[in-house]
Amino acid sequence: MKENLHNNLSFVPTIIRIKNKTNWLVAFITSVGLLILFCIILIIIFTGLQSASFITLTLPFGAFFILILYIWLWNNFGKTVLTIDHGSLTVQYKNKLFTSPKTYLKEETDRIETKNFEVEKHQLGVRYHFSLSGSTYSVILIQKDTEIRIVDWVTKDKADEIAGELKRMWY
């Protein structure tokens, strides 16, 4: 009886929450942009334009409002939540609009690594990322020679800690 209880307890999923570092310049600029767009939309609504003019004026401002809201929410309140289960990993991005949780299976994952993206090479060129805090590392899953980023823009210590926890749970 004790063995069954111990075996059932080992399947309790581990949850790791990683808070995004807030970029205060982006937070200030997007907050001002949201206030300005909100005021413009209210002015358009209260002027009582006819229906065709109302839609053609309000729709672009509403689209920009949603885009800036997307950036503002992720920058200020974004979290990556990793749920590590016995045979799967679920990655959920809290406060990021239009994203759904993604699940990766243990048997499909070849290995777990950390990677420095300070210099990122693409087929079209090279992109340099500068960070005073050293937050240029990502935790990646390797599946059939394909890199899948699960946690982005963390420090080396945090990336190694997350990768170590994943390896400890899975291997």
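**Note on the predicted model: strands, pocket and loops**

1. Strand β9 contains tryptophan 153. The model under discussion is predicted. Phi at tryptophan 153 is positive, near 55 degrees, although this residue is not a glycine. Is tryptophan 153 buried, partly exposed or exposed? With a relative accessible area of 35%, tryptophan 153 is partly exposed, because that class covers the values between under 20%, which is buried, and over 50%, which is exposed.

2. Tryptophan 153 also belongs to the description of the largest pocket. The space in this pocket amounts to about 920 Å³. Its lining is made up of 30 residues, and those closest to the centre are Asn20, Lys21, Trp74, Asp152 and Trp153. For the student, the idea behind such a calculation is simple: rolling a probe the size of a water molecule over the atoms reveals where empty space remains.

3. Which elements supply at least two residues each of the lining of the largest pocket? They are β1 (14–19), α3 (51–77) and β9 (146–154). Strand β9 gives the largest share of that lining, with 6 residues. By residue class, the lining of the largest pocket holds 11 nonpolar, 11 polar and 8 charged residues.

4. Where does the largest pocket lie with respect to the domains? Residues of domain 1 (12–103) and residues of domain 2 (109–170) both take part in the lining, and the largest pocket therefore lies between the two domains.

5. Strand β9 has a partner. Strand β8 (residues 137–143) runs antiparallel to β9, and 6 bridges join the two. One pairing sets glutamine 143 against threonine 146 of β9 as its bridge partner. The hairpin of β8 and β9 has 2 residues between its strands, and in this hairpin lysine 144 adopts a positive phi near 50 degrees. As background on strands, side chains in a regular strand alternate between the two faces of the sheet.

6. A further hairpin is formed by β6 and β7, with 2 residues between the strands. Strand β6 covers residues 119–122 and strand β7 residues 125–128; they are antiparallel and joined by 4 bridges. Opposite histidine 122 stands glycine 125, which is in β7.

7. Strands β2 and β3 are antiparallel, with 6 bridges between them. How many residues separate the two strands in their hairpin? The hairpin of β2 and β3 has 3 residues between its strands. Isoleucine 84 is placed opposite leucine 89 of β3. Strand β3 also pairs with β4, again in an antiparallel arrangement, through 4 bridges. In that pairing, leucine 89 has tyrosine 104 of β4 as its bridge partner. Leucine 89 thus appears opposite isoleucine 84 and as the partner of tyrosine 104.

8. The loops beside β3 deserve attention. Histidine 86 sits in the loop between β2 (79–84) and β3 (88–94), and its relative accessible area of 47% makes it partly exposed. Its C-alpha atom is separated by 7.2 Å from that of proline 13, although 73 residues lie along the chain from one position to the other. Asparagine 95 is located in the loop between β3 and β4 (102–105). Phi at asparagine 95 is positive, about 65 degrees, and the residue is not a glycine. The relative accessibility of asparagine 95 is 39%, so it counts as partly exposed.

9. Asparagine 23 occupies the loop between β1 and α2 (24–47). This asparagine is partly exposed, at a relative accessible area of 38%. A separation of 7.8 Å is found between the C-alpha atoms of asparagine 23 and asparagine 76, which are 53 residues apart along the chain.

10. The last point concerns an annotation. The unreviewed UniProt entry records a "transmembrane region" at residues 24–46 and at residues 52–73. What secondary structure does the model give to these spans? Residues 24–46 are 100% helix and 0% strand, with 33 Å between the end C-alpha atoms. Residues 52–73 are likewise 100% helix and 0% strand, and their end C-alpha atoms are 31 Å apart.

Terms used
Residues numbered from 1 in each chain as written. Predicted model: local features only at pLDDT ≥ 70, side-chain atom pairs only at ≥ 80, totals over all residues. Heavy atoms only, no water. 1 Å grid on protein atoms, 1.4 Å probe; cavity = no way out; pocket = protein on both sides within 12 Å on 5 of 7 lines; lining within 4 Å. Points joined across faces, edges and corners; volume = space filled by probe spheres on them. Nonpolar A, V, L, I, M, F, W, Y, C, P; charged D, E, K, R; others polar. Domains from an automatic or database assignment. Pairing = 2+ DSSP bridges. UniProt positions renumbered as here; feature names shortened; annotations may be inferred. Buried < 20%, exposed > 50% of the residue type's maximum accessible area, 1.4 Å probe, protein only.
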